[in-house]
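Trainee: I would like to go through this entry by question and answer, beginning with the overall fold and ending at the ligand.

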Amino acid sequence: MTEYKIYGGTPLVGSVPISGAKNGALPLLFASILAEGDCVFYNMPDIGDIRLGVEILTRMGACADWRDAHTLRINTDGFTPDAVPVALTGQMRASSYLLGACLGRFGTAPAPCTGGCDFGNRPLDCHYEVFHAMGAEGDGSLYTRQGLHGCRYVFPRVSVGATVNALLAAAGTEAATDLAGCATEPHVVDLERFLCCIGVEIEGIGTSHLTVRGKKKRKGASYVVAPDDIEAGTYLCAVAATGGRVRVCDVTPGALSPLLAVLRRAGCEVEQSIDSVTLLCDGKLRGVEIETAPAPGFPTDLHPPLAAALCFAGGVSILRERVWQQRFRYVGELSKMGACTQMRGDTLVISPAQMHAAEVTATDLRGGAALVIAALATEGRSVVGQRKLLERGYENLPHKLRLLGANIV
Ligand code: UD1
């Protein structure tokens, strides 16, 4: 099926299990290039981007098999950096991690040709700057004359991708690499922990200042992928929109704090346990003002799902996007459902409106999630096209929503 059909207007009620994090699992997958022997990843999400990542690695010589639906064994001993399957790497942003991982292992890296969600220009200048500081040369593919050396580098802006790539490259050199201004998103921290499991020494784990001492040889490891805070946040935004009571299970509640603070301000009640969060919403949301930012700020990936929920609020909301100023393509589709929105530069203003069912098309992964949320909260039959964009990052979305009483196929 190429679309979701949703009969909305019913409050969501129940519990939903949350999968491993897409944004965490992808760096781990590419980090396995650095390990000798088997890596076994538990809690791997069964989503399109992971299947694509595995295919890229196997086309480049890795062996991979699924031991069960969420356990992936991968061995990259036979991996070579030579033949990049650009038709595949061009479909995902995370293929840029080939740069750091290949540089760390081989001292050379092919230009990966990356793709992913279209938020306008997605530059790699900081990635190349840190590689150059470590002794790599080139501005497409990369090479080193005498291998990588350590360096001290201060990121001029917080970048998840450049931090991941710097960590991957630094894992391959025994000299100390001192990195300041690093991203501290939960999925970056997950990579830091995995690199330690394969033998890399990292000081400052979880902070913005990291000192990395790599190893010439790094061993395989078993690792459990951390829960997906963005998937969990998407379900929480859905119940904020529809009203009801939903528990997201198998999560790290701390990683959801920025969203939970906003949902409380919007009038929702939150209950937390050690590994679950329950959200209660009486269907009467208040308007809120938020601004996206790198961690520990409000995550850019939850801006579209939250914006969809705020279309059902009784007051005006103001949403400032500070990471991807062009992440608003989904807003035109929300307008087809009656959303009353106004763009002012990087700021979206959402006013109360009577929403109605409609046929809309996903523009990107999280923008697509916003449309599904709006459809769930609107009476009548909506259709959300370009389903495959959501399948890149949400495991079994219709099944999980049906667990909550939604009518979606
Ligand atoms: C970003 C988000 C991440 C999200 C992902 C997909 C942040 C810090 N990162 O990660 O949470 O999951 O999008 O939506 O919130 N930049 C440069 N030069 C570079 C790299 C980045 O100028 O070399 C700028 C970008 O234009 C952007 C910002 O830095 O404005 C953050 O980019 P970055 O974190 O690298 O992007 P992703 O890794 O895709």
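The exchange below concerns a predicted model.

Trainee: Which radius of gyration does the protein have, and what would a compact globule give?

Mentor: The chain has 409 residues, and for that number a compact globule would come near 22 Å. The protein agrees with this, because its own radius of gyration is 21 Å.

Trainee: What share of the residues is buried?

Mentor: Buried here means under 20% relative accessible area. Of the 409 residues in the protein, the buried ones make up 58%.

Trainee: Which residue places a polar side-chain atom 2.5 Å from an oxygen atom of the ligand?

Mentor: Backbone N or O atoms of C126 and of V160 each lie 2.7 Å from an oxygen atom of the ligand, but those are backbone contacts. The side-chain atom at 2.5 Å belongs to S159.

Trainee: How much of the ligand's accessible area does the protein cover?

Mentor: On its own, the ligand has 710 Å² of accessible area. The protein covers 87%.

Trainee: Which helix gives the most residues to the shell around the ligand?

Mentor: Two elements give two or more residues to this shell, helix 6 (160-170) and helix 5 (125-133). With 3 residues, the most comes from helix 5.

Trainee: From which domains does the shell draw at least three residues each?

Mentor: The ligand has 20 residues around it, and D125 and D301 are among those that come nearest. By type, the shell divides into 9 nonpolar, 5 polar and 6 charged residues. At least three residues come from each of domain 1 (3-19 + 227-408) and domain 2 (22-224).

How values were computed: Residues numbered from 1 in each chain as written. Predicted model: local features only at pLDDT ≥ 70, side-chain atom pairs only at ≥ 80, totals over all residues. Heavy atoms only, no water. Near = heavy atom within 4 Å. Polar contact = N/O pair within 3.5 Å; in protein donor to acceptor, adjacent residues only side chain to side chain. Areas by Shrake-Rupley, 256 points an atom, 1.4 Å probe, with all protein chains shown as cover. Helix = DSSP H or I, 4+ residues; strand = E, 2+ residues; numbered from the N terminus. Nonpolar A, V, L, I, M, F, W, Y, C, P; charged D, E, K, R; others polar. Domains from an automatic or database assignment. Rg over C-alpha atoms; globule rule 2.2 N^0.38 Å. Buried < 20%, exposed > 50% of the residue type's maximum accessible area, 1.4 Å probe, protein only.
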